[in-house]
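Let's take a walk through this structure together. Please have the sequence and the 3D view open as you read.

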Amino acid sequence: MEIIELESWEEFEQAIEEEHQEILKLKKDNPLHFSDLLFRGHANADWKLTTTLERFCYAKNLPFEWPWKKYHRTLLGILPSVLSLTSHNYKLDQKFELDPVFPLPPGYDFMIYARHHGFPSPMLDWTRSPYVAAFFAFNSPFLNEKISIFSFREYFGNAKGYSATMPTIKGLGPYVTAHKRHFLQQCLYTICHKNDNETQVYCSHQDAQFGEDQDRLKKYILPATEREKVLRKLDFMNINAFSLFGNEEGLMDWLAYREIEKRLGEGL
């Protein structure tokens, strides 16, 4: 992982634009595959790339490495309650089977719904927008001195090499019928997995090997003092809690920013 410490928001925008131009040039000269550049914002620069399932298990002193089949059974366990207490109509196969052509975790659409509503998930959520990632990094009013925004690119023009028994990052595509937040936040997801005695197991992204020619990870660190400037710009771009969450809680979060925080900052 490359760690890049910056002094200002403008330096971050410039760094992202330079990376974008680099890829455009490489694509012009190289017909092979470059995956989307993904972003993830953290309100504390010390936070690691951990999934909500990892954090939940660590807090409860439970083992984290879960077989795919075991997590699928857990989803089957919560499905009746979701169907009974909401208007959703998700479906999950009772039998756990992997598609040999598109080996996504079974019930990918339901996993996205559960992840966006707080159920512990082995998926790490990313966005294709550096501005959406910046919102999640800067929106918290209780910031550490520094925030971080990660950028990640799985494929960098070449085929991906890996060992089935070693922790490997796998990107999960955007084309799925899912909860509206998936689209509002321009989400994509990654999992880290390995083969353990012929069983697919979810493991920690922190255990994966990142490199230059695949799984390229950068961590941009910015001062939290840039918060007011960044949030003002993002709100001007209509990137706020309401536009990203689309619910009444997000509406109140956005109104509190606009009518209290922003006005006080302007001396009104």
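Below we look at aromatic rings, then at a helix, and last at a single residue in a loop.

One thing to know from the start is that this is a predicted model. With that in mind, let's begin with the rings. A search of the whole structure turns up 16 aromatic pairs. A pair of aromatic rings is described by the distance of the centres and the angle of the planes. Take Phe242 and Trp254: their ring centres lie 6.3 Å apart and their planes meet at 15°, so this pair is stacked. Planes under 30 degrees apart count as stacked, which means that 15° qualifies. The pair links distant parts of the chain, with Phe242 in helix α8 (residues 241–245) and Trp254 in helix α9 (residues 248–265), 12 residues apart. How buried or exposed are the two partners? Phe242 has 35% relative accessibility and so counts as partly exposed, whereas Trp254, at 19%, counts as buried because the cut-off for buried is under 20%.

Rings can also join up into a group. Trp9, Phe12, Tyr131, Phe138 and Tyr220 are linked into a cluster by ring pairs. Elsewhere, charged ends sit over rings: that of Lys70 is over the ring of Trp66, 4.4 Å from its centre, and that of Arg216 is over the ring of Phe156, 3.7 Å from its centre.

Now turn to helix α3, which covers residues 68–85. What span should its 18 residues have? At 1.5 Å a residue, the expected span is 26 Å, and the end C-alpha atoms are 26 Å apart, so the two agree. Helix α3 does have a kink, of about 35°, at Ile78, shortly before the proline Pro80. Ile78 is also among the buried residues of α3, together with Trp68, Tyr71, His72, Leu75, Leu76, Leu79 and Val82. What do the buried residues of α3 pack against? Their partners are α2 (52–59), β3 (66–67), α4 (108–116), β7 (187–196) and β8 (199–202).

Our last stop is Met123, in the loop between α4 and β4 (124–127). Its relative accessibility is 1%, so Met123 counts as buried. Leaving aside neighbours within four places in sequence, Met123 is in contact with Thr51, Tyr108, Met111, Ile112, Arg115, Leu172, Tyr189, Thr190 and Ile191. Look for Cys192 as well: Met123 and Cys192 are 69 residues apart along the chain, and their C-alpha atoms are separated by 8.1 Å.

How values were computed. Residues numbered from 1 in each chain as written. Predicted model: local features only at pLDDT ≥ 70, side-chain atom pairs only at ≥ 80, totals over all residues. Heavy atoms only, no water. Phe/Tyr/Trp six-rings, centres within 6.5 Å; stacked < 30°, edge-to-face > 60°. Helix = DSSP H or I, 4+ residues; strand = E, 2+ residues; numbered from the N terminus. Buried < 20%, exposed > 50% of the residue type's maximum accessible area, 1.4 Å probe, protein only. Lys NZ or Arg CZ within 6 Å of the ring centre and 35° of its normal. Expected span 1.5 Å × (residues − 1). Bend = angle between axes of the 7 residues up to and from the residue. Contact = heavy atoms within 4.5 Å.
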